[in-house]
Amino acid sequence: MKKQHYSIHQASFIKINANILCLSLYLTCGMISLYFLNYEFLAILIPLLIFFMEKKSKFIKFHALQISFVHGILFLINLIFNIVALLFINMYTPDVNSTMQILSATLYALSIILTGLSIIVLIIDCIGIAQSYKWNTFQIPFLGKTISIAVKEDQK
């Protein structure tokens, strides 16, 4: 994970230090993901709202966009798994016993995968909390470089 250090500054749209804003974004989105699964879309929309409201700070824009992308990927994977589970339910309805066995095995496997992905996202959120508090950005592999380019292009 590539890091970049920023100097102390405030957000342009609210009088709060940029690191505290980013830290609270990671914390809020992590709590939404853990406790309010039906409202996971808020973990995407809240950072995007901050991204578009912030005019000056690349630090805030980077963290907000990265949080939004990470939680967006988790949301899409969760949505795809739910659709797959519904398809399995509809495909195997004639024989109830075999349907229940297949369905329970499928849902169990999907829940294990989703739990693992949720733990990975929680770890990313914890790293984000620690790094944003220290005024650092960290680039998640495969995602961070794209976000850095997007934030730099947005500032031009």
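In this predicted model, helix α2 keeps Ala43, Ile44, Pro47, Ile50 and Phe51 buried, with buried meaning under 20% relative accessible area, exposed over 50% and partly exposed in between (1.4 Å probe, protein chains only). Viewed down the axis of α2, the buried residues fit within an arc of 140°, so they line one face of the helix; the arc is that of the directions from the helix axis to the C-beta atoms. Over on the other side of α2 sit Leu49 and Phe52, both exposed. An α-helix has 3.6 residues a turn, so residues three or four places apart point the same way.

The length of α2 works out too: its 12 residues (42–53) should span 16 Å at 1.5 Å a residue, and the end C-alpha atoms are indeed 16 Å apart. The expected span is 1.5 Å times one less than the number of residues. Helices (H or I, at least four residues) and strands (E, at least two) are DSSP runs, numbered from the N terminus.

Ser68 belongs to helix α3, residues 58–91, and is buried at 5% relative accessibility. Setting aside neighbours within four places in sequence, Ser68 is in contact (heavy atoms within 4.5 Å) with Ala43, Ile44, Pro47 and Leu48.

As for cysteines, Cys29 is buried at 0% relative accessibility, while Cys126 comes out partly exposed at 46%. Zero disulfides (pairs of cysteine sulfur atoms within 2.5 Å) turn up in the whole structure.

Residues are numbered from 1 along each chain as its sequence is written, and side-chain values use heavy atoms, leaving out hydrogens and water. Because the model is predicted, local features need pLDDT of at least 70 and side-chain atom pairs count only at pLDDT 80 or more, whereas totals for chains, interfaces and linings use all residues.
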